[in-house]
Structures are given as structure tokens and as C-alpha cells.
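Me: I would like to work through this structure by question and answer, taking one feature at a time. Please reason briefly before giving each value or name.

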Amino acid sequence: MPENGVYQVLDPSGRLREGAKPVLDDEFVLEGLRWMLLSRAFDSKATALQRQGRFGVFSPVIGQEASVVGSAMAFEPRTDWLVPQYRELPAYLMWGFPLVKHILNLSGNPVAGRIPDDLKMLPTQVSLAAQLPHAVGLAWGLQIQGKEGVVVTYFGEGSSSEGDFHESCNLAGVTGAPIVFFLQNNQWAISTPRSFQSAARYFADRAAGYGFPGRVVDGNDLLAVYEVTKEAVDRARRGEGPTLIESITYRMSFHNTTDNPSRYQDPKDLEEARARDPIERIEAYLRERGMWSDEKAKEYRAVAAQEIEDALVEAQQAPRPEPAQIFENVFAELTPRQAAQRRELLGE
Amino acid sequence: MAQLTIIEAIRAAILHEMEEDERVMILGLDVGRLGGVFRTTDGLIEKFGRKRVFDTPLAEASIIGSSIGLAISGLIPVAEIQFLGFTHQAFHQLGQQLGRYRYRSRGRFPLQVTVRAPMGGGTKTPEFHPDAIEAQFVQSPAIKVVMPSNPYDAKGMLIEAIRDPDPVLFIEPERLYRKGRAEVPDEAYTVPFGKARVAREGEHITLIGWSAAVEVCEHAAAKLAEEGISAEVLDLRSLVPLDIESMVASVVKTGRCVVVHEAPLSAGFGAEVVATLQEEAFYSLDAPIARVASYDTPYPPATMENLWLPSSARVVNAARKTVNA
């Protein structure tokens, strides 16, 4: 453990830190890299399409791939629940959510973007931190009923200023619910820097106030993120309660496609962040172990590009929502007034 | 058949549903060892234990927010918020989150959640406790808002709420909690939402109210009867769904109407009632519809609340004016 308390397995150049012994086998790491590359490729493609007016507003994961993928790898999607915010695309895919449905949601067609019934995953959340009490209730409910499963919920350092964050951590501590709070500290809440959010040394330090452990990890280090998360998952599975993980990373792109970081971001900071790119780090590590090469990199990128292309084509072919669907899933049964409004809309 | 207060009727409903279905649990401030600040959950922790009767930390947003997750996990939470005024601190979890979850998940996660809270003034509670903010929730179109005014409805509507596959905000008339008893069947029964109740039949004018305002209307109707004015009292029972048919039928019959509510006048639910009646029953009206509500000021200190709340005297005045118009 380095002196500053931030857990790291790989240094920024991809070399194992002295004394570090990676727990993940190479095949598993390679699988992680595959998700990271898919995520990065999707962000570039979607940004290009958005700039051409062919895609809606979205928030890229760029720079946070190790943070999202490394943490998600520590869960078992068959039993564990994912409670997302909105900047965790590879985690949704790892849970089995089809990329085409993600694209449909971003394109304003949530009807076709419904989460399949067999996936243990809640919808994305843009009312920030509002998902956290849902995650706690879900974990607590599993615990009450003696059902298996751990809950992970994602949010950012900005969201952790919301009251919902504090109420949720407090309730999780009191109930001992099996949950992992995964805070991605990407240094920015749109234009608001990390230093404006909290005077605490680490966001994870707040866990002490709720009576459970907080861990800080280098969020650009896939191996470290996995290890720290796995430890928290195991704790929760053993019935030892919640953990707050602060994953220190960097938002290497805009907040979303409407944002212009040049108004508030020092280009030097971005340059420094790019030198700590999580994908390059894990590529270097695998290359060192003879598991990665230029050919492999090309091959993986080509597969990712094809997967994205296929999903985009499939999304274009999805049925467009029907007007009547405005009135679907409001209640099990519409009120008489809603039913009358539906008839009015449909000209019945 | 027993004579029960509203408190006892509510307790009977929760007890029955918890015995009937082990997925039903209650959570909220002081609901366990104390039995609730009004004792609506008295004796339940002894019977069902702490897993199903949970004293939560003092944090309304997470009481509602965690109920969402509890429901997704397979339980049927009945959350208590000590006073409706305290839902100010849970507002985003109620309307936006609880209310929209079926919709935003495109039907994947319907939420069978009941949120109970007492509402209204007249008992000299401290600031913020008595706020009648029911109309705010009607603007969140996917949560049911129901408000019984008597023991029979309290039990039947609460059982209906707990069994409803969708979220229900169950608002209780605090001032009437222990005021009088009424016959309540021992067995379980439901009172369907969206059916108003004719609390008193009349010919000359319709008084429309909900929650504790129904009692105000009934007092006013008794006084008006002494003057030879026969007033019908309609208890809406639920604002969502709204029983437009019964409102219209009564006003078509009487031709005159006064709407009474405890919330301040402007943009109160009375405005919705009046607008609906002028759309649906305009040609049956013999006079403009009047509203009697609290004034458009913050809730006053307890010593002045009776000047501020709609009184039966103000309802009688409004009814007289309407009848003589």
C-alpha cells in the first residue's frame, strides 16, 4: 500500500509495483481489456455521430474504463444487482444489457430499450444520487429475505454532495446491507472541480462516519480496482456489510456532448491525465507478459468496431415508439382521466 | 363489528395485511418500539419483529427511496412519514422516483409501495407538521393520492393501497384520528379508489371536500339545513384517480357547488375540481362555484390556525352567497 493510501498494483507505465502480486489470471485481464476497448470505441463512434447530428446527448466513459470494468468484474451478474448512474456503459454490457438497447435509450426510444426481465439491473439515473437509496433498499431487502446477492451502485464525487448519498450510506451502515458504494472520483462535476465538492482528504474517508470501511484506489489501474472491489464484494457476501470505494480517475473527455471543457479545464491537466490512460496501462502490462501485441490490438479494435456497427444498424431497424406508448406503464390500469387523454391523443 | 377510531382502523388494516402476506413490512420513524407517534403501529413489532417493523434513521428521503429498492427485492413496504409536511424532505423520492419507476423502467419494475402520512391542522402541532400539500403530489402523475376521512374508509382504503400494484400516497386526517368512532367490520375489505362517497344527501348545493375538510362540510351542511338549505356533501376520497362522474352527477343535480380544502387557495386541488366541473357541468350550474380554503400565507402559529383554516362558518357563508346568487 503506497504511503498516500491510494491502492495501486500497476504504476502508470504498466509495471507491477514492487511487491505486488496480481490476483487476476491473464485471460481474465484480457477479457477486461476487451470491454475497455469496446467502451472507448463506442465513445469515439457515438461522439462522431453526435457531431453529425445522428446521435443524442450522451456522456462518454473515456478515461474511466478501468474504474468501471475493474469494479464490474468483481461481481457475479447472475446473482448481484447493478444500480447504475449513467456513465458506466461497460458495466451494463457486462451484466448482459445489449448495446443496441443502450443506443435506443440514448436515441430516445426507451420502449425498445427496456431492461430484459432476466437481468439484475436497474435503469440508469440522471437525478443524481437518487439511485443510492434504491440500491440500499434493494440490498437490505435481499438481506431480510435471506436471498443471495450483493448490490453495486455507481455514482460520482459530485453526486456524493447530495443528501441522498449521506442518507443512503447511513441507512446501509445501520442495516448492514450487502452493498458496495462505488464512487468514481473523475475530478469534475461538469465544470466544478473536485476541490469544490468536499474539504475531505478523500471521499472514502466519509465511510468512517457511517460505520463501515472506505477504500481508495487508483481508478486507472484495472488490477487494483478489481482487487479492492472484490474484497468489498466478499465482505458483503459474508454478511459484513457495506463498503465505500473511492476510485480516483479522470474524466478525459467532456461531461456530455453539450459541454465544452476548454472553458474551465487547464489543458495541462488533461495532458497529464492522458499520460495515465487506463487502456495504455493495461496494454503495456499484458504486452510485458507476452499476451498483447500490435496485431492483437488491431484485431480487438476491429472486433469492437464491428460490434458497434452491428448494434447501430440493429438500432436503426428497431420499431419506433407508437404514440399510444406514452400511456403505457403509467399504472397497472389507467385512471379514467388518463384513459380519456389517451383517446384524445389517438383521435379515438 | 367493532366501533373503531381512525387510528385503530389503520392499525387493523396493517395488522391484517401483515398476517396475510409475509412480504408486507413497515418502516419509518418510531414505528417500532413506540408504535408510531400516533400509535398506528402499536404492538406490531412485538408480533412481527424488527425485520418487518423497522425503526429507521431520521431521514425521509431514504425511507421512501429505500422502499423502492425493498419493493424491487420482492417485499411490500408500507412506509410511514410522521407528518405529511415532512415529505418536503423526501419530495424527489416520492413523485419523481417512486411515482415514475414503472414508467421509467418501461414496466420492468412496478412498485407495490404504500406511503402513509397524516395531514392537516387544527391540533396545534409545531411549524411544518400540518402542511396540506396534497396537490403537489397530483402533479406527479403516476402516484395515487388517496385521503380517507372516516374509520370505515381508512381500513378499507389502506388494505386497497397495500394490495395495489402501484405506489399509493395514503394521507390520513390527523385532526380526526381519535375524534369519534364508527362501525368497522372485523374482517378485511377494500374500498376501491376513484369512487367518491356521498357523505350526506342534499338538493340545493354540493359541498365537495376530502380528508378532514369533509367534517367541516358536514358541520356546514347541518347549519345550512337549519336555514332550509339542503346541502349534499361529497367526499372525494381519492384525488388520483379522481371520480369526475360523481362530482358531475352531484352538481348536475344541485346546480351549485362549494369546494373546501385545507391547502392555501391558489393552485390548490380545488382549482382542479372547479376547472373540471366547468368543463363537464357548465350548463347545469346556476351560480359560480365557490372555493373555501386556507389563505395564501405560510401556515400561521398554532394560536392563529383556526382563523386560517377553512371553518364551517366560512363554508356556510360561501354556500349562502352561492344559493342566493
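Me: Where in chain B does B:P241 lie, and what is the omega of the peptide bond that leads into it from B:V240?
Reply: The model is a predicted one, and in it B:P241 is placed in the loop between β12 (238-240) and α9 (244-254) of chain B. Most peptide bonds are trans. The bond from B:V240 to B:P241 is instead cis, and its omega is near -5 degrees.

Me: Which residue other than glycine has a positive phi in the loop between α4 (99-106) and α5 (131-144) of chain A?
Reply: Most residues other than glycine have a negative phi. In the loop between α4 (99-106) and α5 (131-144) of chain A, a positive value near 75 degrees is found for a residue that is not glycine, and that residue is A:A129.

Me: How are helix α2 (residues 65-72) and helix α8 (residues 222-237) of chain A oriented to each other, parallel or oblique?
Reply: Two packed helices are described by the angle between their axes and the distance between the axes. For α2(A) and α8(A) the angle is about 40 degrees, and the axes are 8 Å apart. Because angles under 35 degrees count as roughly parallel and 65 to 115 as roughly perpendicular, the angle of about 40 degrees makes α2(A), relative to α8(A), oblique.

Me: How many of the residues in the contact of α2(A) with α8(A) are charged?
Reply: On the side of α2(A) the contact is made by A:A66, A:S67, A:V69, A:G70 and A:S71, and on the side of α8(A) by A:L222, A:V225, A:Y226 and A:T229. These residues divide into 5 nonpolar and 4 polar, and the number of charged ones is no residue at all, that is, none.

Me: What area is buried between chain A and chain B?
Reply: The contact involves 42 residues of chain A and 44 residues of chain B. Carbon and sulfur atoms give 59% of the buried area, which in total is about 3,500 Å².

Me: Which residue of chain B forms a salt bridge with A:R337?
Reply: A:R337 is, with A:N329 and A:F331, among the residues of chain A that lose the most area to chain B, together 18% of what that side buries. The count between the two chains is 2 salt bridges. In the one formed by A:R337, the closest N and O atoms are 2.8 Å apart, and the partner is B:E272.

Me: How many residues apart in sequence are the parts tied together by A:D277 and A:R40?
Reply: The side chains of A:D277 and A:R40 meet in a salt bridge at 3.0 Å, N to O. Since A:D277 lies in the loop between α9 (267-274) and α10 (278-288) of chain A and A:R40 in helix α1 (residues 26-51) of chain A, the pair ties together parts whose separation in sequence is 237 residues.

Technical notes
Residues numbered from 1 in each chain as written. Chains lettered and ligands numbered in written order. Predicted model: local features only at pLDDT ≥ 70, side-chain atom pairs only at ≥ 80, totals over all residues. Heavy atoms only, no water. Axes fitted to C-alpha atoms, helices over the stretch in contact; angles between N-to-C directions. Helix = DSSP H or I, 4+ residues; strand = E, 2+ residues; numbered from the N terminus. Parallel < 35°, antiparallel > 145°, perpendicular 65-115°, else oblique. Contact = heavy atoms within 4.5 Å. Nonpolar A, V, L, I, M, F, W, Y, C, P; charged D, E, K, R; others polar. Buried area = accessible area lost by both parts, 1.4 Å probe. Salt bridge = Lys/Arg side-chain N within 4 Å of Asp/Glu carboxyl O.
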